Amino acid sequence: MIRINCPYCGERDHSEFSYGGDATINYPSLDASEKEWTRAIFFRKNIKGFQFETWHHSNGCRMWLVVERSTVTHEIKSVKPCHPDLQKVVENNK
Amino acid sequence: MKAKRLDNYGKINRDKILSFRWDKKNYTGFEGDTLASALLANNIGIVGRSFKYHRPRGIFSSGVEESGALVTIGSKDRRDPNVRATTQELYNGLEASGQNAFPNVNFDLGGINNYLGRFFSAGFYYKTFMGIPPFEWGRGTAIWMFFEKFIRKAAGMGSASVLPDPDSYEHAHDFCDLIVVGSGPSGVAAAIEAAEKKLDVILVEQDNLVGGDQLAENDFDNSQIKNQLENLGIKIMTRTTAFGLYDNCVVGLLERVTDHISAPKVNIPRQRFWTIRAKHIIVGAGAIERHIAFNNNDIPGVMTVNASKHYLNRYGVLTGKRIAIATNNDSVYETAQQLSEAGANVTVLDSRTNFEIETNKSFEIRKGCVPYNINGSKKIVSLDISKSENINKSETINCDQVLLSGGWSPAVHLLSHRGVKPKWDYSNACFLPSDSKENITMVGSSRGLWNKNDCIASGIAGTTDALNRLGISKTNYFFPKPGGWKNPIQPLYEVKYKKSRSKSFVDYQHDVTTDDVRLAHREGFISVEHLKRYTTLGMANDQGKMGNIIGLSLMAELLNKEIPEVGTTVFRPPYTPVSIGALSGRNVGKHFRPLRVTPMHQWNIDHGAKMIEVGLYQRPWYYPKENETLSDSCIREASTVRKTVGICDITSLGKIAIQGPDSTEFLNRIYSNSFSKLQVGKARYGIMLRDDGIVMDDGTSWRLAENEYFMTTSTGEAAKVMSWLEELLQTRWTDLNVNVTSVSEQWAGVSVAGPKSREVLNNCVDDSLVVTNNNLPFMGVTSTFLKGNIPCRIARISFSGELAFEVYVKSDFANTMMDLIWENAKKYDGCLYGLEALGALRVEKGHVTAAELDGRVTIDDAGLSKMASTKKSYIGSAMRKRGVLKNNDREILVGFFPTNLKETFNAGTIVCEKNNIKGQGIGRITSVTYSPELGHWIGLGFVKGGLDKWKDTNLVGADPVRNKQMNLKVVSPHMVDPKGERMYA
Ligand SMILES: [Zn+2]
């Protein structure tokens, strides 16, 4: 079982979270071309090792998180809020 | 075999006699017995028949590795197959029977398979699937299809009850600093050391007593250890198996709470499934003694040496009279001495020629000898032996029991669950655990330590390792070196039989012989993973705990490689079987998933509602009067809505509060239609697309104030939409100043629909002016009060196509609102209507729901192109016309009438062209209803090209599931009041 250390709630079972997806995608602007959107939505890397991915603490504080997780060992290196302002709050409270 | 109970041996409670039934006969045993020890005490040798050949099988071990004594316990709805007799504690009234035999294990007609052996060799099933040569060369598998049921019956292992499980199971959770698996000397030492260093410790033991292998020592008393552990505050969990290790030091445990009790209390669960979250795991799971492959090594009376020691010292059962022990290592000599002191005539055959061992000379040792063949079928008559130098029958010795020790395999299973590969140790002829990067430490004989003092030292070292890794201490420590015997072990896995057709078993339960391994090799299955699947070696209940190493060594020999080059298969959880009941816990029947009810749930039932489950929600289905059927009631309710007024609970819709200065911009980006000019006090229907341009959900958003909206979503997509909005705001548009809050549970909603709805509502509100056509036009919104000073929100929104309002109050006021509106609706001959009538009304209007918006449909497919703004960009706008989505033969939303208006059809019907009724056709019907307004059945669905293409053509509805076919015509989806005059009234 993966355990994720939510910056707001503390360490919890992964069953409290929902998996989002690749956290490194820069979504194009809404008026960007079909081609740009196609690349953003459908072309994904299949990383062996650490990757940044989003998780939603859906059965907790409802925060969207960036989790740095190894796809091989499930080891988690870091967990941060997605929202930059929330990131700052967490940093300041450390 | 001549087993008997001895007076002066064992730790059983002789004051407490337990009676039990075995294969329909009565026997007795004592408290503290296992079923296996009680059977042995009653000199019962044959306890089952083997999987393929139906050979008589006895008790091979005294623990979880058992692969012979698998029996069925209990009867009727408590019939539990494949239980290991060696771990089943005896209780009064226990009922057990042998498996895989007809009529019984002593006389089994299936035994004929023993003589048909060559048809049942490795890969037999796979070959049968492919067609039996030469009869079916290239012609399929008809013979398998015909024989399958007989073969399955003949090659089964017990049968589970098909009745509902009467027992309850429980899920439980716990946390600790350190979990120690196994209560042998190493585990206990680790636990004590950790508790003294103030760690919070859980000690898990699969046996009912703590002590581990020490329970087989004649002078061992475990009560002192137990007291010491308890005094240190260690949580001891006996009858509990750590069946699997998972990420982040999570351990799965199965606690057998009542499996040893004859009449458990009803309020106690049978088993408990524990999830333990630890900071460190210490595994002292012990080691498992291996057997040796030689001809007829499965005859009842064959057992591991250590098992006979357990039976003697723990249960007071001497398992044989004339005992031959075959070994290649030092571990058997203490047992040999004890057996001979207990009265047995013992001969040890040791494959080694050069070694020294101290004994009291009460038994004979024959150096350089190995077992060659057992004579006998249902019991051992004699043993042919051979010189280890030159394998061939050299002599025959009379005996009734043969005990085997081919070496010991450390139980590395749990570490293997974490992907840590064990490494082969030549000097000890076994796999040893490698170091783990995770916080897991192996101690005791599961790291290859064979003497007790080393085990204790390793336990203390293990805890020091844990303390260091947890950053509590920085202490040097070392583990004793693997081994501990005076003389080295000499590898001995198989003694080859010179004659053909040997039955030299590697895996007892699955009847895998050494010949099967050779056959697999000849046929090219040389990887261990292929070998395993082809021969089924190690795939039985015991998962190869005894036989795997023998199979590997044979394959290594055939490939001319060393065992480490051949590798080992990966052990996966569970270590021992876990019942499905324990996995489901309390999540069965009505508790399988959560149940959601609206605040007026009881009110609906009190007013005659029949309920239906929609997703997790219980919603009113219909409100029958007297003897009305569903159809009668639905027709009456829908007609009443169109004629006067109806009331429907719509609380299950998702509701989201959207607040903040950028709320309008936010809605404008997520909805396909424009929200920029929506005035305060107005609502708008909106459609959300996914990034890829497909419709996600539809709903309404009400502008309550400049910076505040109230959004409704469909019932089914409510949670998804909420997560989606949060994702957008927290990850993509972090500059937008918007807050979203789920208020689905906070508001109770009702729809008041029909030509008389305004009058009804007029009587319900404090200020009768608020709902006039002027003050509340179509899509108007107001915040006001119901009579009794109840704050409410009203919007003039219609799903039914009638003049209609949605009224929301705080959930606490739900019943008051229902009473008030219902009282007034009755005055206009109104009705309560349920989901069935709601469905009929919306299908008549061609309004789509989840049945249509199924995740494959674009906004154009749904006929809602007008809802897609061309003046702005929004989520999905770049993608909604991509590639195939712009094809002009896409399936478009239409209405369907049966050509013969007296006919009916069902949702799921496939729409085809007349002389081309096949495959997926050209469309499908997604929703159907009887239309009270039109007086016949109507449907909504999709057809390639839409209404324009098929307007006056007769199509066919094919319903192969129900074996039905009807003629159809395609009509506009707006089947009633297409101009919407009623809504605007
Ligand atoms: Zn959280």
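For the helix and strands considered below, contact means heavy atoms within 4.5 Å. The model is predicted.

**Exercise 1. Determine how the strands of the open sheet in chain B are ordered, and which helix lies across them.**

Step 1. Establish the order. The open sheet has six strands, arranged β40-β41-β42-β39-β33-β43 in chain B, and their pairing is mixed.

Step 2. Locate the edges. Strands β40 (781-786) and β43 (831-832) of chain B each pair on one side only, which makes them the edge strands.

Step 3. Examine one pair inside the sheet. Strand β33 (residues 646-649) of chain B and strand β39 (residues 747-753) of chain B run antiparallel and are joined by four bridges. Within this pair, G646(B) stands opposite A753(B).

Step 4. Add the helix. Helix α20 (residues 814-826) of chain B lies across β33, β39, β40, β41 (790-795), β42 (804-810) and β43 of chain B. The helix runs at about 10° to β39(B).

**Exercise 2. Identify the donors of the zinc ion and state the geometry of the site.**

Step 1. List the donors. The zinc ion is coordinated by the SG atoms of C6(A), C9(A) and C61(A) and by ND1 of H57(A), at 2.0 to 2.3 Å.

Step 2. Place the donors along the chain. Their spacing is C-x2-C-x47-H-x3-C.

Step 3. Test the angles. Four donors count as tetrahedral if all angles lie between 85 and 135 degrees. The angles among the four donor atoms are 106 to 117°, and the site is tetrahedral.

Step 4. Consider the exposure of two donors. Buried means under 20% relative accessible area, and exposed means over 50%. C6(A) has a relative accessible area of 2% and is therefore buried. C9(A), with 24%, is partly exposed.

**Exercise 3. Describe the burial of strand β5 of chain A and its pairing with β4(A) and β6(A).**

Step 1. Assess burial. Strand β5 (residues 64-70) of chain A is mostly covered, as seven of its seven residues are buried.

Step 2. Separate the two directions. In a regular strand the side chains alternate between the two faces of the sheet. W64(A), V66(A), E68(A) and S70(A) point one way from β5(A), while L65(A), V67(A) and R69(A) point the other way.

Step 3. Follow the pairing with β4. Strand β4 (residues 50-56) of chain A pairs with β5(A) in the antiparallel sense over seven bridges. Here E68(A) is the bridge partner of F52(A).

Step 4. Follow the pairing with β6. Strand β6 (residues 76-81) of chain A also pairs with β5(A) in the antiparallel sense, over five bridges. In this case P81(A) is the bridge partner of L65(A).

Step 5. Inspect the turn. β5(A) and β6(A) form a hairpin with five residues between them, and H74(A) in that turn has a positive phi of about 70°.

**Exercise 4. Explain why helix α6 of chain B is regarded as largely enclosed, and place this in the context of the chain.**

Step 1. Consider the helix. Nine of the nine residues of helix α6 (residues 305-313) of chain B are buried, so the helix is largely enclosed by the rest of the structure. Among them are V305(B), K309(B) and N313(B).

Step 2. Consider the chain. Of the 985 residues of chain B, 58% count as buried. Chain B has 22 helices and 49 strands.

Methods:
Residues are numbered from 1 along each chain as its sequence is written. Chains are lettered from A and ligands numbered from 1 in the order in which they are written. This is a predicted model: local features need pLDDT of at least 70, side-chain atom pairs count only at pLDDT 80 or more; totals for chains, interfaces and linings use all residues. Side-chain values use heavy atoms; hydrogens and water are left out. Two strands pair if DSSP finds at least two bridges between them. Helices (H or I, at least four residues) and strands (E, at least two) are DSSP runs, numbered from the N terminus. Axes are lines fitted to C-alpha atoms, for helices over the stretch in contact, and angles run from 0 to 180 degrees between N-to-C directions. Donors are N, O and S atoms within 2.8 Å of the metal (3.2 Å for Na, K and Ca); water is not among the atoms, so sites may look incomplete. Four donors count as tetrahedral if all angles lie between 85 and 135 degrees; four count as square planar and six as octahedral if opposite donors are over 155 degrees apart and all others between 65 and 115; anything else is irregular. Buried means under 20% relative accessible area, exposed over 50%, partly exposed in between (1.4 Å probe, protein chains only).
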